[in-house]
Amino acid sequence: MSTDDITDELTRNVEGTTQERLPRLFFFICAAVSVVTTVSIVVLLATEAARFFSVTAPLVGFAGETVDAADFFLKTAWQPPEQFGVLALVSATILITVGSAVVAIPLGVGTAIYLSEYATPAARSRLKPALEILAGIPTVVYGFFAVIYITPVIQGVFPQTGAFNLASASIVVGIMIIPMVASISEDAMSAVPEDLRQAGYGMGATKFDVATGVVVPAALSGIVSSFILALSRAIGETMAVTVAAGSQAQYLNVLNPASYLEGALPMTAAMIKLLLSDITGGGLAYRSLYAIGITLFAITLAMNVISDFIAQRYREEY
Amino acid sequence: MSNNDTPMDDSTDYSDSPDPTDDSVIETNVADAAASTDTTRPPADTIVEARNVDVFYDDVQALDDISMEIPERRVTAMVGPSGCGKSTFLRCINRMNDRIDAARVEGELLLRGKNVYDDDVDPVALRRRVGMVFQAPNPFPKSIYENVAYGLNIQGIEGDYDEIVEESLRRAALWDEVKDQLHESGLDLSGGQQQRLCIARAIAPDPEVILMDEPASALDPVATSKIEDLIADLAEEYTVVIVTHNMQQAARISDKTAVFLTGGELVEFGDTEQVFQNPSSDRVEDYITGKFG
Amino acid sequence: MSTHDFGQVSRTVGTVFRYALLAATLVGVVALGILLLFVAVDAIQPLTADPGWHLTFFLSFVLPTLVVSGYLYRRAPDSLRAGGAIVGLLAVTTMFAGGVVLIFVDIVSPITWFGFVLALALPAGVLALVSRTLSPGMGTSVGLSAALLYISLAGVPGPVGGIVGLAPIAPSVIALVGSIPVLPVDWMLLVVSVSLPVGLLAGSYVASYTDRRGGIVALGLTVALGVAASLAAPSLGISAGPSLLLATVVGVPTGLAVWRSWETNRLALALPAVVVGGAFVGAFAVEALGFAGPQSWVDWQFLTSAHSRIAEDAGLYPAIGGSILLMGAVIVLSFPFGVGAAIYMEEYAPDNRLTRLIDVNISNLAGVPSVVYGLLGLGVFVRFAGQPTGTVLVGGATLSLLILPIIIISSREAIRSVPEEMRQASYGMGATRWQTVKNVVLPRAFPGVLTGTILALGRAIGETAPLIMIGAPDVVFSLPAELSAKVSAMPLQVYAWATLYGSPAFYQKAVPAGVVVLVSVLLAMNSLAIVLRNRYQNEQ
């Protein structure tokens with residue numbers, strides 16, 4: 001074959017044909033959809049929230065009723081359509097988040113250590129699907145469980161507990177996020193090389209020593225990152241708390257354990273409640289939805305970024 | 001090989017076996033190999049020519065000013081210690097190095113007179129004319145038939161696929177073993193069989209050149225010798241360029257040998273017999289006789 | 001000092017720790033188990049049945065199953081697992097069949113479905129013919145198939161012509177079929193439009209194991225099964241159409257599984273045999289002996305009625321139908337975009353800042369609360385695009401956006417798990433990127449992609465907040481008739497009963513029943529995904 005013949009063959013530009021361009025374009029569009037979604041969320045929340053706050057409303061040319069930003073962020077009474085103090089909602093959210101952390105973090109990390117260091121492969125193959133099922137139950141069902149089965153138990157111990165209370169909501173949200181803590185922590189622990197464990201055993205360390213002294217510290221960045229992600233999920237949890245935590249906003253003391261026996265309205269449930277009230281016509285109540293929405297979005301976004309940062313920055317490079 | 005020998009009663013006497021570190025042993029192997037080479041073949045045209053090829057991974061130089069002429073329808077072996085650039089050079093011929101972002105190639109590499117690194121050359125089109133067999137057998141999780149026919153399918157080659165598949169499997173010395181199970185998965189075969197399947201897959205689209213990157217290093221000795229016989233047969237029809245770290249293998253099967261040493265340097269290139277019996281530099285002689293590497 | 005005694009290191013802390021960890025692991029799962037047990041008891045009320053009823057089923061069903069399971073567990077655990085899989089398959093297909101029957105009874109009429117299948121088959125046939133004789137290029141093929149599909153489904157010139165102002169020239173295939181004055185009976189249409197395609201699938205499955213003749217036998221048996229079920233229906237007291245659908249959806253997969261088991265592991269059939277047999281024997285026995293079963297709140301009436309203010313009469317039917325419709329919309333919208341984005345990110349995207357941005361973006365989207373997605377749906381689809389609130393389309397679109405990041409992330413993992421050597425082999429042979437993706441990467445990654453999608457759909461079925469935000473009504477009394485009709489969903493209905501109608505009556509009756517149905521569907525989907533994942537992980 002001559003040089004000319006082979007030149008013809010080699011210069012054919014196979015990758016540039018329609019056959020190649022078409023799939024590539026299609027797949028790129030699919031990936032772009034995700035970017036468009038984020039941009040839409042941010043734009044939407046920002047513009048509508050801007051119409052809610054007095055300080056930003058003029059910027060978007062809105063001339064209707066607005067609320068002073070200071071009132072929103074610093075007042076503690078939430079009674080739409082008159083009062084919009086978000087601290088009442090925030091206090092309830094904080095209480096639930098902390099409560100669920102108390103449940104999920106010990107149990108989740110314990111599960112992760114057990115699965116990663118102690119469980120036989122057979123046990124692991126049965127426990128992991130079971131945990132996935134835990135995560136797959138609809139959240140509204142968890143809310144129902146909290147009200148019907150868990151609250152009576154709490155009331156047996158603390159008779160002054162309300163029919164809707166933050167304690168049972170925290171418990172079920174905690175149970176809900178155990179799989180998240182467990183699986184991400186377990187991944188982090190599995191990534192710790194076997195050599196490190198061998199070094200520990202070789203020095204006569206027991207399994208307990210190796211697990212707590214070698215593996216967990218080595219995987220710590222991943223474990224902490226799992227906490228943050230799980231808490232972000234707890235903050236954003238809607239239906240379980242809507243059903244179980246209560247529907248009357250009240251500002252509670254986040255440092256007082258007795259607050260858990262009360263019912264209150266967390267941020268996410270407040271959004272649902274707003275929707276069930278009269279929000280036609282784009283009034284103040286409608287726009288307050290977006291104010292809470294943007295707050296939630298900002299919080300969960302920040303937590304995701306922090307969790308990523310911790311996982312990357314402090315991860316041991318093996 | 002009697003299985004009735006009790007373990008402690010080892011009556012095999014090794015004193016007569018050749019000492020592999022002895023210079024004369026290697027020369028004997030090469031002499032045997034040279035003797036078995038058909039010296040009545042006419043001198044071959046050059047099919048692949050490298051001109052001052054340099055390869056860099058970021059700032060590290062992997063190949064230093066490589067120039068060589070690879071003859072058509074012969075087996076050319078590239079030997080050298082680990083990390084000296086022989087696989088890198090192999091992957092320049094079919095531009096598989098393009099898939100590594102940090103790699104930078106300078107110089108010219110001509111296939112039948114056309115520089116494969118010219119701007120107008122499409123690497124995908126290039127790889128359809130140059131076949132590659134990898135170190136670890138990597139058949140697709142498809143049937144044996146579909147594996148061999150893969151190249152035919154993606155290039156849209158016309159012809160009787162059944163015939164081409166059979167012919168390729170015969171050339172790869174695999175037909176008799178698999179002819180009744182063509183529709184079973186390629187992954188069900190043994191390691192040696194899988195590698196021969198990969199060879200059949202590579203030759204089915206009738207490439208100009210077949211590149212082999214240590215094709216037998218993951219196989220046991222019996223499978224290895226089958227592959228080596230196969231390579232000798234393939235050279236009747238195809239040009240084979242093989243990278244190997246096993247010098248006896250290179251001596252046994254190749255017509256030409258290139259010796260790479262650390263730093264990506266090509267220190268020797270010539271007829272196999274001459275390279276092994278009469279190396280031009282001490283460094284090469286030291287490497288060949290096993291003093292290092 | 002003894003030189004041979006190394007002493008003992010105390011293991012007490014370690015042992016206590018180990019048991020504490022095991023306890024921690026089991027707490028959540030056991031707690032959930034107990035809660036599910038409670039709600040199941042509340043919904044099914046087993047204690048209201050006659051003792052004789054319990055005894056009969058215990059002797060005919062529970063005891064034999066335990067005995068066989070115990071025997072298999074000791075002697076042949078593989079068979080136990082395989083047998084359990086078949087029983088599971090039976091349960092899942094029955095549930096699925098219920099949904100399919102619902103679709104054909106209330107959503108799509110057999111005539112429309114027949115027309116739809118015909119509208120797809122005709123272009124496919126034409127395209128196959130053209131490919132064989134003319135061998136057109138890819139661009140031509142895609143264009144031709146798009147054009148044929150459009151004409152077939154929408155007629156000439158179709159909606160596009162309507163916008164431009166052209167008069168209709170030819171109706172679509174579906175409209176044509178609908179206008180035929182005399183049509184065969186429903187079940188005959190279903191035989192052609194359901195049994196036949198299912199039979200073709202079954203046939204190709206069997207043929208991959210045996211040969212062409214086996215495939216044809218499978219096809220024939222499937223069609224025969226459909227006809228037999230239709231003809232036998234009146235004597236069983238049900239209509240022909242649902243009978244055919246039930247027989248096909250349950251019978252064909254189970255039949256294939258039993259056939260495979262017969263060929264490979266006969267002992268595995270012991271468990272399904274004793275479960276099914278025991279159930280039937282028990283059912284006949286309690287009929288004959290006149291024992292009353294439990295007064296379960298989950299009964300036929302619950303599954304087939306609509307909402308009512310009286311708790312005893314309330315039913316889940318429109319919510320079930322709504323969930324099915326929403327899932328249909330979600331699959332159509334999210335699967336292509338999700339998998340497509342994953343393919344782009346893993347196979348095509350260059351390693352630059354834009355790609356990293358998209359990467360970070362997707363993992364952030366996965367963490368956004370579902371209620372914010374609902375807000376997005378409200379703001380974009382309802383307010384901005386002017387769609388009516390709470391329709392199938394808006395609900396489906398919002399839920400799709402919600403699970404899109406999940407599908408992308410799990411598909412990416414599946415694609416990433418394809419070994420690099422295979423890609424190298426393909427590229428080394430001069431395959432283009434698309435050829436490599438289509439021929440090597442996707443087939444290998446497909447089981448993982450499927451598993452991830454099923455789990456994502458499970459999440460979508462259980463979501464309530466987004467639906468509330470887009471204004472889905474708390475109760476609907478009938479199934480939506482079209483994409484722009486209001487729709488409810490199972491979790492939404494349960495939520496409405498638990499809060500808006502939260503009287504003790506509802507809490508005792510309708511809510512537990514709804515929870516049981518919803519959880520059963522979810523457990524079925526999760527189990528399917530887990531089994532699929534295990535099977536394909538073992539195969540590779």
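In this predicted model, the second largest pocket takes its lining from both chain B and chain C. Four helices each supply at least two lining residues. One is helix 3 of chain B. The others belong to chain C: helix 13 (317-348), helix 14 (353-366) and helix 17 (420-428). Helix 13 of chain C gives the most, with four residues. The pocket holds about 880 Å³ of space. Its lining counts 24 residues. Nearest the centre lie B:R99, C:E347, C:A349, C:P350 and C:R433. Charged residues number 16 in this lining, against seven nonpolar and one polar.

Enclosed spaces were examined next. The structure holds four cavities of 30 Å³ or more. The largest cavity has a volume of about 60 Å³. Chain B contributes B:R127, B:R128, B:V130, B:G131, B:M132, B:Q155, B:A202, B:P205 and B:P207 to the lining of this cavity. Chain C contributes C:G428 and C:M429. Two elements of chain B, helix 3 (123-129) and strand 6 (130-133), give two or more residues each. Strand 6 of chain B has the largest share, three residues. By class, the lining of the largest cavity has six nonpolar residues, three polar ones and two charged ones. Helix 3 of chain B thus appears in the lining of the largest cavity and also in that of the second largest pocket.

The contact between the two chains was then described. On the chain C side, 17 residues are in contact with chain B. On the chain B side, 19 residues take part. The size of an interface is often given as the accessible area lost when the parts come together. Here the area buried between chain C and chain B is about 1,600 Å². Carbon and sulfur atoms give 59% of that area. Within chain C, the residues that lose the most area to chain B are C:Q424, C:Y427 and C:M429. Together they account for 35% of what the chain C side buries. C:M429 also lines the largest cavity.

Chain C has 22 helices and zero strands. Its 540 residues include 44% that are buried. The C-alpha atoms of chain C fill a box of roughly 95 × 75 × 60 Å along the principal axes. Among chain C contacts between residues at least 6 apart in sequence, 75% join residues at least 24 apart. The accessible surface of chain C is about 26,200 Å². Carbon and sulfur atoms hold 69% of this surface.

Chain B has both kinds of element, with 11 helices and 10 strands. Of its 293 residues, 52% are buried. Residues 24 or more positions apart make 68% of the chain B contacts with a separation of 6 or more. Chain B exposes about 13,600 Å². Carbon and sulfur atoms supply 43% of that area.

One residue of chain B was followed in detail. B:G264 lies in the loop between strand 9 (256-261) and strand 10 (265-271) of chain B. B:G264 counts as buried because its relative accessibility is 1%, and the cut-off for buried is under 20%. Leaving aside residues up to four places away in sequence, B:G264 touches B:A62, B:L63, B:D64, B:I66 and B:C84. B:T88 offers a further view of the fold around this loop. B:G264 and B:T88 are 176 residues apart in sequence, yet their C-alpha atoms are 9.0 Å apart in space.

Notes
Residues are numbered from 1 along each chain as its sequence is written. Chains are lettered from A and ligands numbered from 1 in the order in which they are written. This is a predicted model: local features need pLDDT of at least 70, side-chain atom pairs count only at pLDDT 80 or more; totals for chains, interfaces and linings use all residues. Side-chain values use heavy atoms; hydrogens and water are left out. On a 1 Å grid over the protein atoms alone, a cavity is a set of points where a 1.4 Å probe fits but cannot get out, and a pocket is an open set with protein on both sides within 12 Å along at least five of seven lines; lining residues have an atom within 4 Å of a point. Grid points are joined across faces, edges and corners, and a volume is the space filled by probe spheres set on the points. Ala, Val, Leu, Ile, Met, Phe, Trp, Tyr, Cys and Pro count as nonpolar, Asp, Glu, Lys and Arg as charged, and the others, Gly among them, as polar. Buried means under 20% relative accessible area, exposed over 50%, partly exposed in between (1.4 Å probe, protein chains only). Contact means heavy atoms within 4.5 Å. Accessible areas come from the Shrake-Rupley method with a 1.4 Å probe; for residues, only the protein chains shown count as cover. Buried area is the accessible area (1.4 Å probe) that two parts lose on being put together, summed over both.
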